[in-house]
Amino acid sequence: MRAAQPTVACLGEPLALVAPERLDLVPAPGEAGLSGAEANVAVGLAGSGVPVGYIGRVGADAAGRDVVTALDQAGVDVSALGVDPQRPTGRFTKVVTPDASGEPSTVADYRRAGSAFSAAGPELLVDPAVRDLLGGARLVHCSGITPALSPQCAALMDALVGERRGVAGQVSFDVNWREKLWPSGDPSEVVRLAGLADLVLVGADEAERVLGESDPARLRALLPEPELLVIKDADRRAVAVGRDGTQTEVPALRVEVVEAVGAGDSFAAGFLHGWLAGEHLQTCLRRGHIGAAATLTVHGDFARARDDVVRRLLGADREQWAGIRFTGADVLEPVG
């Protein structure tokens, strides 16, 4: 039975994941899976027992119904997920092929222009269901993808993160820089929003692109206001930096990578799980690495590590942690 009031509200565009040959067609009922950065985080949190609700819009089409069903079945509260009667659900497809070195590389393609969510502006925040969710959640999670989708979405993010319209708790912001969504190449809006959030997650590679820096201490100097800055440095490490400059670092797990899509979202879900539980930052970072490792080992945008594996990894000492190799045998059935 779900909690009456979710602890977390995730806001963003939930995407219908379809086969490549179906991307430009109208998906039939049951054909679409679930994708989207914020949706992946919501599913990850729900899977770990955190009550979570979703704020967004889908179309009144089969793909939209599939998205809503997938979120609901994953345990996410969908009472604040609206349906647009005229615009379609955003769609996404991916193809995984080996790169020049033989490592798996993912090519993604999107159909987001004119989607139901792209038309969502600040008026979304006055919807009664959305207002109730925002007013009761301890944390609102969003990302730098949303302001790139349309001027309306940019205004929505300004109202949410900048004005904190209807927001009672903290705001978590994953930079999620996507060059293709920003034709001008200007990252200033994403940087501005990050500076207004309470908790910021950013990949070291994208930090270099949007802030011109990947060193944790220097990044912290560029983003002084958030309570915490978390830098995800791919397969090397993750570092959390407090306002006072204190750094907590945990090396990444060694992983047999199958596909990289969704790993950053799973890291965010794992980290936020620990953050909301008041756990030590080292444990939060470990939860993030475990979440990312699970998703890296499957063909899918999200997977969850087995409970016994999570307990073992969280209890490992530093030497044991460094010697662990995470594999597909450590995960439950993937989602998406």
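**Note on a predicted model: sheet, packed helices and His273**

1. Strand 12 (residues 237-242) and strand 13 run antiparallel and are joined by 5 bridges. One pairing can be named: Ala238 has Val250 in strand 13 as its bridge partner. The coordinates are those of a predicted model.

2. The sheet to which these strands belong is open and has 9 strands, in the order 5-4-1-8-9-10-11-12-13, with mixed pairing. Its edges are strand 5 (81-84) and strand 13 (247-251), each of which pairs on one side only. From one strand to the next the twist averages 15°.

3. Helix 3 (residues 128-136) packs on the sheet. The strands touched by helix 3 are strand 1 (8-11), strand 4 (52-59) and strand 8 (139-143), and the direction of helix 3 makes about 150° with that of strand 4. Helix 4 also packs on the sheet, where it touches strand 1, strand 8 and strand 9. Taken against strand 8, the direction of helix 4 makes about 145°.

4. Which residues of helix 5 (residues 188-196) are buried? They are Val190, Leu193 and Ala194. These residues lie on the same side of helix 5 because they cover an arc of only 105° around the axis. As background, residues three or four places apart in an α-helix point the same way, since there are 3.6 residues a turn. The cover over the buried residues of helix 5 includes helix 4 (151-162), strand 9 (170-174) and strand 10 (199-203).

5. Helix 9 (residues 281-296) and helix 10 (residues 307-314) have axes that come within 10 Å and cross at roughly 140°. The two helices are therefore oblique to each other, the cut-off for roughly antiparallel being over 145 degrees. The crossing of helix 9 past helix 10 is right-handed. On the helix 9 side the contact is made by Thr283, Arg286, Arg287 and Ile290, and these meet Val310, Leu313 and Leu314 of helix 10.

6. His273 is a residue of helix 8 (residues 263-276). Is His273 buried or exposed? Its relative accessibility is 18%, so His273 counts as buried, the limit being under 20%. Beyond its neighbours within four places in sequence, His273 is in contact with Leu45, Ser48, Val50 and Arg287. Of these, Arg287 is also among the helix 9 residues that meet helix 10. Between the C-alpha atoms of His273 and Gly49 the separation is 8.6 Å, although the two residues are 224 residues apart along the chain.

Notes:
Residues numbered from 1 in each chain as written. Predicted model: local features only at pLDDT ≥ 70, side-chain atom pairs only at ≥ 80, totals over all residues. Heavy atoms only, no water. Buried < 20%, exposed > 50% of the residue type's maximum accessible area, 1.4 Å probe, protein only. Helix = DSSP H or I, 4+ residues; strand = E, 2+ residues; numbered from the N terminus. Arc of directions from axis to C-beta. Contact = heavy atoms within 4.5 Å. Pairing = 2+ DSSP bridges. Axes fitted to C-alpha atoms, helices over the stretch in contact; angles between N-to-C directions. Parallel < 35°, antiparallel > 145°, perpendicular 65-115°, else oblique. Left-handed = near helix turned anticlockwise from the far one by under 90°.
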